[in-house]
2 protein chains.
Amino acid sequence: MDEDAERLDRAFAALADRTRRDLVARLAGADATVGELAEPYDMSLQAVSKHVKVLAEAGLVTRSKDAQRRPVHLDAEVFDLMAKWIERYRGEVEERYQRLDALLDRMVDDEDGTRAEDAS
Amino acid sequence: MDEDAERLDRAFAALADRTRRDLVARLAGADATVGELAEPYDMSLQAVSKHVKVLAEAGLVTRSKDAQRRPVHLDAEVFDLMAKWIERYRGEVEERYQRLDALLDRMVDDEDGTRAEDAS
DNA sequence: CAGCTTCTCAACCACTCGGTTGACGAATGC
DNA sequence: GCATTCGTCAACCGAGTGGTTGAGAAGCTG
């Protein structure tokens with residue numbers, strides 16, 4: 001469970017960068033080489049290579065064999081982990097809202113509609 | 001759409017830190033003050049205050065009025081944004097897997113079961 | 001008012017990050 | 001073998017981050 005924390009550290013950090021999110025978006029359509037990925041950006045090839053490395057270390061992406069051409073391939077597993085983490089707390093918060101709404105409804109019922117003045 | 005990118009930048013960056021994810025997890029259960037939040041950590045109050053500030057600037061959390069006691073409250077909206085982003089690409093990747101599987105199935109059918117050697 | 005509590009701001013430090021440039025490594029084509 | 005192409009590694013730089021300490025602001029309470 002603690003290694004999940006490390007994976008989440010790396011995954012969230014990896015996606016905190018716009019260029020890397022864009023790489024992910026493009027890789028969702030098709031695998032690509034580093035050179036292909038780098039082409040549209042106003043940035044050195046080395047910089048893109050580093051971004052891909054970050055994505056790979058975060059487990060968001062896998063690469064083919066050590067070779068000249070090594071296409072980058074998107075991997076869904078860590079996305080699952082992140083999605084579950086987010087969904088969990090999103091769900092809890094929404095539950096709390098609903099409980100709060102219910103509570104407020106009950107309060108309004110009890111008070112029968114008085115004190116509608118101090119809502120900021 | 002571009003400001004969404006900034007919101008995602010901040011939101012993913014905010015959740016890339018374990019302490020802040022823990023704060024979110026605790027706030028999902030109940031609102032709390034900075035002091036309450038800081039108590040379990042081996043860290044100064046100021047450090048926790050900074051973490052809360054990061055969460056607030058990411059829109060993950062809202063705070064009550066400028067005052068002495070200002071409880072911190074989890075906000076679900078940006079979670080939605082992140083969840084949607086992740087789900088989108090996760091979904092595309094899974095689709096591609098399925099298409100790839102289908103393609104491989106067809107190839108196997110065509111070749112009638114030869115060449116099962118070079119799977120790495 | 002004084003005093004206490006709660007929290008934030010400011011300055012500082014070590015470290016990380018995103019980018020650069022330059023040099024190198026490994027497969028392909030001749 | 002040699003040149004070319006694709007990619008990574010290494011060193012560096014400016015900006016940002018996560019932590020610290022010290023001081024101060026804002027609200028309660030006596």
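Which helices and strands of chain B do the buried residues of helix 4 of chain B pack against? The notes below come to this after the contact between the chains; the model is predicted.

1. Contact between the chains. Chain A and chain B each put 25 residues into the contact. On chain A, helix 1 (2–15), helix 2 (18–29) and helix 5 (77–111) each supply at least two residues of the side that touches chain B. The most comes from helix 5 of chain A, with 11 residues. By class, this side of chain A holds 17 nonpolar and eight charged residues, and no polar ones.

2. Symmetry. A turn of 180° with a shift of 0.0 Å along the axis lays chain A on chain B, with an RMSD of 0.0 Å. The relation is therefore that of a two-fold axis. Both copies use the same surface, in that 100% of the contact residues of chain A recur in chain B.

3. Helix 2 of chain B. This helix, residues 18–29, has 12 residues. From its first C-alpha to its last it reaches 17 Å, close to the 16 Å expected at 1.5 Å a residue. R20(B), L23(B), V24(B) and L27(B) are buried in helix 2 of chain B. These residues lie on the same side of the helix, because they cover an arc of only 100° around the axis. As background, residues three or four places apart in an α-helix point the same way, because there are 3.6 residues a turn.

4. Helix 4 of chain B, length and faces. The 13 residues of this helix (residues 45–57) should span 18 Å at 1.5 Å a residue, and the end C-alpha atoms are 18 Å apart, so the two agree. Its buried residues are V48(B), H51(B), V52(B) and L55(B). They too are on the same side of their helix, since their arc around the axis is only 100°. Exposed residues Q46(B) and A47(B) sit on the face of helix 4 of chain B turned away from the buried side.

5. Packing of helix 4 of chain B. This answers the opening question. The buried residues of helix 4 pack against three helices of chain B, namely helix 1 (2–15), helix 2 and helix 3 (34–38). They also pack against strand 1 (61–63) and strand 2 (72–74) of chain B.

6. After helix 4 of chain B. G59(B) follows this helix, and its phi is positive, near 80°.

Note on methods: Residues are numbered from 1 along each chain as its sequence is written. Chains are lettered from A and ligands numbered from 1 in the order in which they are written. This is a predicted model: local features need pLDDT of at least 70, side-chain atom pairs count only at pLDDT 80 or more; totals for chains, interfaces and linings use all residues. Two residues are in contact if their C-beta atoms, placed from the backbone, lie within 7 Å. Helices (H or I, at least four residues) and strands (E, at least two) are DSSP runs, numbered from the N terminus. Ala, Val, Leu, Ile, Met, Phe, Trp, Tyr, Cys and Pro count as nonpolar, Asp, Glu, Lys and Arg as charged, and the others, Gly among them, as polar. Copies are superposed by least squares on the C-alpha atoms of residues with pLDDT of at least 70 in both. The expected span of a helix is 1.5 Å times one less than its number of residues. A residue is buried if 20 or more other C-beta atoms lie within 10 Å of its own, exposed if 12 or fewer, and partly exposed in between; C-beta atoms are placed from the backbone. The arc is that of the directions from the helix axis to the C-beta atoms.
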